[in-house]
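Welcome! Below are some short exercises with worked solutions, to be done with the structure in view. Try each one yourself before reading on.

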Amino acid sequence: MPAGFQQLGGERITGTLALSVFTAVLGSLQFGYNIGVINAPQKIIEGEYNSTWTHRYSEPIPEATLTSLWSLSVAIFSIGGMLSSFCVGIISEWLGRRKAMLINNLLAFIGGGLMGMSKISQSFEMMILGRFTIGAYCGLASGLVPMYVGEISPTNLRGALGTLHQLAIVTGILIAQILGLESLLGSEELWPVLMGITVIPTVLQMALLPFCPESPRFLYIIRCQEHHAKSGLRRLTGRLEVSEDLAEMKEEKRRMDMERKVSIAELFRSPLYRQPIIIAILLQLSQQLSGINAIFYYSTSIFQKAGVESPVFATIGAGVVNCAFTVVSLFLVERMGRRTLHMLGLAGMCVCAIVMTIALNLLEGVPWMSYISMLAIFGFVAFFEVGPGPIPWFFVAELFSQGPRPAAMAVAGCSNWTANFIIGMGFQYIANLCGPYVFLIFAALLLLFLLFTFFRVPETRGKTFDQISANFHRHPQTMMDMDLDMDKPSTELEYLGADGTEH
């Protein structure tokens with residue numbers, strides 16, 4: 001492990017912690033892969049749908065039917081994710097975080113198998129059902145992975161390790177873009193392999209999860225298994241003495257025992273949870289409604305409009321920028337803080353969206369504007385990965401204590417998937433209507449999200465889950481007051497004192 005990474009929060013990263021985080025984010029890798037994999041072989045798969053239709057009905061597929069089938073193949077992924085993300089809370093409480101991830105892999109096996117076998121079976125229904133099933137897998141993974149990683153990470157590394165979820169997603173997208181090249185797996189013969197290869201990380205995750213500990217926070221607070229929680233903490237921290245960590249959990253459990261069980265409806269009804277759940281939803285919307293999916297879904301056509309000769313390679317270039325700046329965020333999140341990085345990302349994206357609009361408008365009269373529009377696209381992607389990309393996923397887990405966290409993750413995940421679906425279905429129509437001015441709509445949304453973050457979102461860096469949730473119970477304070485309150489303890493050790501008792 002590089003020394004610089006270990007110094008992110010002054011905590012030692014043990015082999016068990018590294019293995020557990022790596023194993024968990026294999027689910028995120030599949031999430032990213034299945035977002036990106038459908039774009040490259042579009043024409044080939046459409047041709048396959050046509051040949052299947054001709055084989056069945058002895059006539060070519062009507063154009064409208066083909067468009068509908070293709071749109072369904074793309075969009076049903078988001079519908080699967082939307083529906084399953086609502087079950088994150090129930091499944092994670094019933095099975096535990098680790099076992100839920102393990103059993104979730106069955107959906108990946110079924111989805112990958114259906115997609116991989118659809119060509120040989122001459123069935124576009126199998127392809128569509130496979131996309132729905134793999135979407136359901138990704139919906140659960142998008143909630144379970146940040147929850148598990150957030151709960152097993154030391155406070156001082158929670159942001160950096162939480163960013164790995166997004167890094168795995170963008171790495172998955174990049175792998176899908178590269179493997180989707182016609183010279184690799186994006187050919188007429190090999191596209192089923194491209195779709196079915198998603199089972200490889202599934203096998204690896206299933207092999208490694210039994211060696212990872214269950215979340216000690218879940219074991220102690222939800223299952224009341226102090227002995228198993230201690231054992232897990234010792235493995236994750238590499239220390240025999242874990243009384244400080246356990247004392248922090250005891251305090252959270254004591255407070256949780258005083259609360260009623262929190263349902264999704266209760267999150268909106270209770271004044272204690274209403275503000276953090278609104279923040280959680282708007283953070284997720286700031287990620288999806290920023291316009292980034294419009295760039296990913298239609299990057300090839302955007303680069304063609306910008307005059308790029310090989311747009312597929314420019315799209316892969318955007319994928320590389322994506323990965324590189326997620327790594328930058330990983331090293332900055334514990335130094336600069338979540339709120340600051342999120343605002344920096346939103347502001348940068350807003351500027352890039354305006355520049356992109358101007359460049360695309362002037363393209364015909366000023367040919368060198370194609371380079372400006374490309375730079376704006378790369379800048380847009382880079383700023384996204386600095387803030388709005390990684391931060392909303394783990395920020396939601398930080399805003400809530402153990403009791404309401406699963407329900408909050410379900411609501412936030414469903415918000416994310418719903419916005420993803422709306423953008424995927426609606427962007428092309430809006431783009432046709434507005435032309436190059438479409439990115440001004442995203443610029444306006446980005447500005448609104450920036451103002452909301454500035455006035456309403458607290459900083460959570462270096463604070464325990466209990467401290468963060470306690471902040472929302474102090475009604476007279478605004479978010480700005482919370483951030484400026486420098487007297488608060490920033491770590492479990494300061495919070496508990498040297499003797500492990502609360503100040």
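**Exercise 1. A loop residue**

In which loop does Cys 224 lie?

Solution. A word first: this is a predicted model.
- Step 1: Go to helix H11 (216-222) and then to helix H12 (226-237); Cys 224 lies in the loop between them.
- Step 2: Look at the backbone there. Phi of Cys 224 is near 60 degrees, which is a positive value in a residue other than glycine.

**Exercise 2. The overall make-up**

Describe the protein as a whole: how many helices and strands does the secondary structure come to?

Solution.
- Step 1: The count comes to 25 helices and 0 strands.
- Step 2: Turn to burial. Of the 503 residues in the protein, 59% are buried.
- Step 3: Now take the outside. The accessible surface is about 20,100 Å², and carbon and sulfur atoms account for 67% of it.
- Step 4: Finish with contacts. Among those between residues at least 6 apart in sequence, 80% join residues at least 24 apart.

**Exercise 3. Finding the cores**

Find the largest nonpolar core: which residues have the most contacts inside it?

Solution.
- Step 1: This core has 92 residues, and Tyr 49 and Leu 267 are those with the most contacts inside it.
- Step 2: Helix H7 (residues 124-152) supplies the largest share of this core, 14 residues.
- Step 3: Apart from this core lies another one, of 34 residues, with Val 321, Leu 360, Ala 419 and Phe 442 among them.
- Step 4: Zoom in on Tyr 49. Leaving aside residues up to four places away in sequence, Tyr 49 touches Leu 66, Leu 69, Trp 70, Ser 73, Phe 124, Met 127 and Ile 128.
- Step 5: Add some background. In soluble globular proteins, nonpolar side chains tend to be buried together.

**Exercise 4. Two helices that cross**

Work out how helix H6 (residues 97-117) and H7 are arranged: at roughly what angle do their axes cross?

Solution.
- Step 1: The two axes come within 8 Å of each other, and the crossing angle is roughly 155 degrees.
- Step 2: An angle over 145 degrees counts as roughly antiparallel, so H6 is roughly antiparallel to H7.
- Step 3: As for handedness, the crossing of H6 and H7 is left-handed.

**Exercise 5. Two residues of one loop**

Compare Ser 58 with Ile 61: which is buried and which is exposed?

Solution.
- Step 1: Ser 58 is found in the loop between H3 and H4. Ile 61 also has its place between helix H3 (42-57) and helix H4 (63-85).
- Step 2: Ser 58 has a relative accessible area of 66%, so this residue is exposed. Ile 61 has 10%, so Ile 61 is buried.
- Step 3: Check the neighbours of Ile 61. Not counting residues up to four places away in sequence, Ile 61 touches Asn 50, Trp 53, Leu 66 and Leu 69.
- Step 4: Phi of Ser 58 is near 60 degrees, a positive value in a residue other than glycine.

**Exercise 6. Two helix residues**

Is Arg 338 buried or exposed?

Solution.
- Step 1: Find Arg 338 in helix H18 (residues 338-361).
- Step 2: The relative accessibility of Arg 338 is 0%, so Arg 338 counts as buried.
- Step 3: Its contacts beyond four places in sequence include Arg 158, Phe 394, Glu 398 and Glu 459.
- Step 4: Now try Phe 313, found in helix H17 (residues 311-336). At 52% relative accessibility, Phe 313 counts as exposed.
- Step 5: The C-alpha atoms of Phe 313 and Ile 178 are separated by 8.9 Å, while the two residues are 135 apart along the chain.

Note on methods: Residues are numbered from 1 along each chain as its sequence is written. This is a predicted model: local features need pLDDT of at least 70, side-chain atom pairs count only at pLDDT 80 or more; totals for chains, interfaces and linings use all residues. Side-chain values use heavy atoms; hydrogens and water are left out. A nonpolar core is a set of buried Ala, Val, Leu, Ile, Met, Phe, Trp, Tyr and Cys residues joined through side-chain atoms within 4.5 Å. Buried means under 20% relative accessible area, exposed over 50%, partly exposed in between (1.4 Å probe, protein chains only). Helices (H or I, at least four residues) and strands (E, at least two) are DSSP runs, numbered from the N terminus. Contact means heavy atoms within 4.5 Å. Accessible areas come from the Shrake-Rupley method with a 1.4 Å probe; for residues, only the protein chains shown count as cover. Axes are lines fitted to C-alpha atoms, for helices over the stretch in contact, and angles run from 0 to 180 degrees between N-to-C directions. Angles under 35 degrees count as roughly parallel, over 145 as roughly antiparallel, 65 to 115 as roughly perpendicular and the rest as oblique. A crossing is left-handed if the near helix is turned anticlockwise from the far one by less than a right angle, and right-handed if clockwise.
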